[in-house]
Amino acid sequence: FVPPQEDSQASLHRVLFSSDDGFIYCLDAISGELIWSQNVSGSDRRVVGNGRIISEFPSRTGVLVIGGRVFLGVGLYPQQGCFLAAYQVEDGSLVWKKNVDDSLQGYLLAGEEQIIAPTGRGNPVAFRIADGELMHRYSGVGGTYAVLTDEELVAGTGNDGSMAVSDQNTSQRLAQFAGSHLV
């Protein structure tokens with residue numbers, strides 16, 4: 001849910017969400033009317049996934065709103081194409097879209113200058129907010145859950161049942177330990 005910004009011309013409250021159909025949607029929070037939608041990958045191809053028909057490029061990140069922009073990832077298999085994209089909340093215009101080498105799966109996190117994306121079984125990756133360029137890859141464990149503190153990224157649970165704590169800015173692993181839940 002995104003309330004209008006004080007300096008914005010918009011008088012509508014917005015609800016933003018992504019879906020397994022590969023689209024991002026922006027609705028009026030009061031009326032439920034569609035304000036805008038975008039097909040992130042541009043593909044209309046469908047496949048069977050989890051017993052239903054989904055896009056070849058489903059969104060498994062949800063959306064992240066920062067300063068009038070909304071960010072999300074789509075795609076499951078890097079060899080088929082995975083994308084990280086940014087749109088203007090106001091009108092849905094594309095800010096940037098990057099083909100990425102990772103399947104982005106899990107809630108996106110915002111650092112000061114970076115978006116951190118869990119990658120399911122792989123290690124989290126960091127992209128620059130301004131242009132989507134890859135900043136660094138974290139070492140340690142994969143997983144779809146992550147928590148960002150002022151200085152650290154805690155991610156997991158990896159395939160081996162462990163969690164890792166890394167320096168947010170350098171991606172250096174600080175600790176790894178057995179664990180199955182983030183609090």
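**Group meeting talk: a three-stranded sheet, two nonpolar cores and two single residues**

Let me begin with one pair of residues, since Phe23 has Asn39, in S3, as its bridge partner. What I am showing is a predicted model, and I will work outwards from that pair to the sheet, then to the cores, and finally to two individual residues.

Phe23 belongs to strand S2, which covers residues 23-28 and pairs with S3 in the antiparallel sense over 5 bridges. Beside the pair I opened with, Ile24 stands opposite Gln38 in S3. The two strands form a hairpin with 5 residues between them, and within that hairpin Gly32 takes a positive phi near 80°.

Turning to the other partner of S2, we find that S1 and S2 pair in the antiparallel sense, again over 5 bridges, with Val15 standing opposite Leu27 in S2. Here too there is a hairpin, this one with 4 residues between S1 and S2, and Gly22 in its turn has a positive phi of about 85°.

Taken together, these strands make an open sheet of 3 strands in the order S1-S2-S3, with antiparallel pairing. Strand S1 (14-18) and strand S3 (34-39) each have a single partner strand and stand at the edges, so one side of each is left without a neighbour in the sheet. From one strand to the next, the twist averages 10°. As for S2, 5 of its 6 residues are buried, which means that the strand is largely enclosed by the rest of the structure.

Which residues, then, have the most contacts inside the largest nonpolar core? That core has 14 residues, and the ones with the most contacts inside it are Phe71, Leu84, Leu104, Leu108 and Phe127. The elements that give two or more residues to this core are S8, S9, strand S11 (114-119) and strand S12 (122-128), and S8 gives the most, with 3 residues. Another core, of 13 residues, lies apart from it, and its members include Ile24, Cys26, Val70 and Val74. As a general background, nonpolar side chains tend to be buried together in soluble globular proteins.

To stay with Phe71 for a moment, and leaving aside its neighbours within four places in sequence, this residue is in contact with Gly62, Val63, Leu64, Ile66, Ala85, Ala86, Trp96, Leu108, Ile115 and Ile129.

I come now to the two individual residues, and the first question is whether Thr119, which lies in strand S11, is buried or exposed. Its relative accessibility is 7%, below the 20% cut-off, and Thr119 therefore counts as buried. A polar atom of the Thr119 side chain lies 2.9 Å from the backbone oxygen of Asn123. Beyond its neighbours within four places in sequence, Thr119 is in contact with Asp102, Ser103, Leu104, Gln105, Pro124, Val125 and Gly143; of these, Leu104 is also among the residues with the most contacts inside the largest nonpolar core.

The second residue is Glu90, which lies in the loop between strand S8 (82-88) and strand S9 (94-100). At 39% relative accessibility, Glu90 counts as partly exposed. The C-alpha atoms of Glu90 and Val70 are separated by 9.7 Å, the two residues being 20 residues apart along the chain, and Val70 is one of the members of the 13-residue core.

Note on methods: Residues numbered from 1 in each chain as written. Predicted model: local features only at pLDDT ≥ 70, side-chain atom pairs only at ≥ 80, totals over all residues. Heavy atoms only, no water. Pairing = 2+ DSSP bridges. Axes fitted to C-alpha atoms, helices over the stretch in contact; angles between N-to-C directions. Buried < 20%, exposed > 50% of the residue type's maximum accessible area, 1.4 Å probe, protein only. Core = buried A, V, L, I, M, F, W, Y, C linked by side-chain atoms within 4.5 Å. Contact = heavy atoms within 4.5 Å. Polar contact = N/O pair within 3.5 Å; in protein donor to acceptor, adjacent residues only side chain to side chain.
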